[in-house]
There are 2 protein chains.
Amino acid sequence: MVAKEAAGRARPGRTPAPAGRRARPRQAEVARLAGVSQATVSLVLSGRDIATGRPISAETRAKVLDAAHSLGYVPDPAASRLAAARNNLLGVFSFTATFPTDVRHSYYPFLVGVEQEAAAQGYDLVLFTGSSTGGAGAGGAGALNRVRLADGCLFLGRHAPADELRRLVADDFPVVHVGRRDEPEGLAWVGADYVSASREVVTALAGLGHRRVLLVREDDDAPASTDRERGFLDGLVGSGLPAGPGAVFRTGDPGGDLTADRVRAWVAEGVTAFVAEETDTGAAWRALRAAVDAAGLDCPGQVSLALLGSPPADLADEPAPMGFDIPRPALGAEAVRLLAARIAGRPAEGTLVACAFRPGATAGPPPAP
Amino acid sequence: MVAKEAAGRARPGRTPAPAGRRARPRQAEVARLAGVSQATVSLVLSGRDIATGRPISAETRAKVLDAAHSLGYVPDPAASRLAAARNNLLGVFSFTATFPTDVRHSYYPFLVGVEQEAAAQGYDLVLFTGSSTGGAGAGGAGALNRVRLADGCLFLGRHAPADELRRLVADDFPVVHVGRRDEPEGLAWVGADYVSASREVVTALAGLGHRRVLLVREDDDAPASTDRERGFLDGLVGSGLPAGPGAVFRTGDPGGDLTADRVRAWVAEGVTAFVAEETDTGAAWRALRAAVDAAGLDCPGQVSLALLGSPPADLADEPAPMGFDIPRPALGAEAVRLLAARIAGRPAEGTLVACAFRPGATAGPPPAP
DNA sequence: CGCATTACCTAATGCGCATTAACAAGCAAT
DNA sequence: ATTGCTTGTTAATGCGCATTAGGTAATGCG
């Protein structure tokens, strides 16, 4: 009961205007000062007069603008959103434990592009953090709800909760997922073209002369993994190489982990190149590198390695592996463009963005037999 | 005109309810289904019935909750905020160019504490990004305005715009600044006690036997710099050492930059220990290290170095310098506590938090003359 | 049995803004 | 003059929710 007294709003209740200086002025005050109606103020300030062909005389415009300026009027974003379903705010929600604002964070490069494009489109950004649990959940339906404060929302991460997303999509709330995603029907997304990029890497290896290539992937059926595997197999087939189930190894497969012995065995069978998928942890790549090292194999010399993605930040100073780079900033920017389209009512479907091939220094011709 | 048609809201205009499944249900729908009034729904869902001693029968409560659940009701945060001036959202605004590539993580540790404490207090977090310029600014008054979406807001950074902050404070919007700050009268803040911590470092150096100590600081009059200088000078005086203006060097001072020659000159004059202030870029510390290195001076042996703060993350693997650690997560948590108090209407003033002295490995006794 | 309590619930109102129907002029054409 | 059209402005309404001032039925008390 104390709490209600001095909340964020200057005058919560029906208390009459205070004696001294007015608190934050409303459009009504501006209107009074300018000698016009509140509706006119709204029209002028939102610039909708010209946009909607509802003209306002230059004189009136000036009066209103003067009044607003002298009173220091600023709009209430909550009220705008309530009344018009627009407040020029774009939400960004990521499903990692904490803030993706850390530079080392793998989502960071996306945000760079997101922010640029958002600014270019006249939107401000609002980041919602994923971890908090305490929130306002009256219905308990979930923390995702607060994104409705914004005009639309971007989602980052492999593990966005499908049901909550489905709900937003069903309500026709503008949502764009960064990363390909089939799950909620009708969800818009932007994704990197892992299939083509992976195919290209395999083709390059084949071009160097490799006849047996092995993919090391994690045991996780996210689209990002599936797509890479498909591109990998496509590439094998396209180059006339054997593409049986033996060409793919899942860490966690029955038969144990990725060990030096296993690598030696493969090499003995004729495998001359290894390809690892990239994930947010980079586990597959690390495991592969470790095993090859432990087996005492020289990398560009005896075996070739490639990474279907970019190396993790902490390995940035090692020689760049063959592979491809995901244009993360571009993806972020494209996501914003899609979202803006959704907000404007235009439909939007999934969009693929091409990756850039990276020759790197970890691949060469196979050793002579 | 196309735009208005399919905005974020399911049914923007006065169009009657659609034929098929209803879009996002309102309290009114819940009320209808439960056979009670909308007001009762609000009371039950907000839990305010028991809180305010306004009793609701268990039977009615159950009916309402059932209805809300079966309809999948979720509250509209914008409407909550508008009606009650509360939505359990805490804003966080930082004033560095939003996603700067090199600096960012210096605020990261704060956010860790902020997030934890916010969750503990039942708040969700919303991050506002600083750079965007395109936003809704009808009044042009500024991007800070959107923080009003939240119940209150935390501000991070040395260079928060004073006038915009003043405005929020004047409007009695709950604001807490992380970092000591005098500027807008009545602004609540939490800060680290740089004065005491810096004094302690100087005292430690004096205790090792140093008689002439020099402070290297940036040419920036933020309170964080001023406080460190004051503590530094206090420490000199307290230890009976000379504390004239010659004891402080500002990078950017007339007379040029921090060079190896200059360092040699100081050493020739009898300076045996150097102290650098910490800033978000770590520029002073970097410059000092570089100059000492270039001068060919051995660090713990010929000169002692200390850093008034923590080393930047990219230097984390070097030996830790003498200095102090700012308890950033604790500061963040304390800031949230203050902000929650402000939101609840309790007044809140500035709060200082103590830093932890760090002996480090860059300081030893001065060389024998 | 009349009146004051309590217990429980609802009608009404407004938060600040955007939108729309309606209206008031002004002016051209009939 | 009457009609029709364009231009400029306003009254009225509602977004979804919280809150306050009652209102009604059930109970207690003298």
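In chain B of this predicted model, strands β8 (residues 273-277) and β9 (residues 304-308) pair in the parallel sense over five bridges. Within β9(B), B:Ala306 is the bridge partner of B:Val275. β8(B) also pairs with strand β6 (residues 213-217) of chain B, again in the parallel sense, over four bridges. Here B:Val275 is the bridge partner of B:Leu215. B:Val275 is thus bridged to B:Leu215 and to B:Ala306.

Burial of β8(B) was examined next. Five of the five residues of this strand are buried, so β8(B) is largely enclosed by the rest of the structure. Burial here means under 20% relative accessible area. The residues of β8(B) point two ways. B:Ala273, B:Val275 and B:Glu277 point one way. B:Phe274 and B:Ala276 point the other way. Both sets are buried, the glutamate B:Glu277 included.

The nonpolar cores were then considered. The largest has 96 residues. The residues with the most contacts inside this core are A:Leu154, A:Phe232, B:Leu154 and B:Phe232. Residues up to four places away in sequence aside, A:Leu154 touches A:Gly91, A:Val92 and A:Phe93. A:Leu154 also touches A:Val114, A:Val176 and A:Val178. Its other contacts are A:Ala335, A:Val336 and A:Leu339. Another core, of 36 residues, lies apart from the largest one. Among its members are A:Phe155, A:Phe173, B:Phe93 and B:Val175.

Attention then turned to DNA strand D. There are 29 residues around this strand. Those that come nearest are A:Thr40, A:Thr60, B:Arg26, B:Ser42 and B:Tyr73. Of the atoms of DNA strand D that come within 4 Å of the protein, 72% belong to sugar and phosphate. By residue class, the surface near DNA strand D divides into 13 nonpolar, eight polar and eight charged residues.

Helices of both chains contribute to this surface. α2 (38-46) and α5 (77-84) of chain A each supply at least two residues, as do α2 (38-46) and α5 (77-84) of chain B. The largest share, four residues, comes from α5(B).

Protein backbone atoms also approach DNA strand D. A backbone N or O atom of B:Gln27 lies 2.9 Å from a phosphate oxygen of the strand. For B:Asp76, a backbone N or O atom lies 3.3 Å from a phosphate oxygen. In chain A, a backbone N or O atom of A:Ala83 lies 3.4 Å from a base oxygen of DNA strand D.

Technical notes
Residues numbered from 1 in each chain as written. Chains lettered and ligands numbered in written order. Predicted model: local features only at pLDDT ≥ 70, side-chain atom pairs only at ≥ 80, totals over all residues. Heavy atoms only, no water. Core = buried A, V, L, I, M, F, W, Y, C linked by side-chain atoms within 4.5 Å. Buried < 20%, exposed > 50% of the residue type's maximum accessible area, 1.4 Å probe, protein only. Contact = heavy atoms within 4.5 Å. Pairing = 2+ DSSP bridges. Near = heavy atom within 4 Å. Polar contact = N/O pair within 3.5 Å; in protein donor to acceptor, adjacent residues only side chain to side chain. Nonpolar A, V, L, I, M, F, W, Y, C, P; charged D, E, K, R; others polar.
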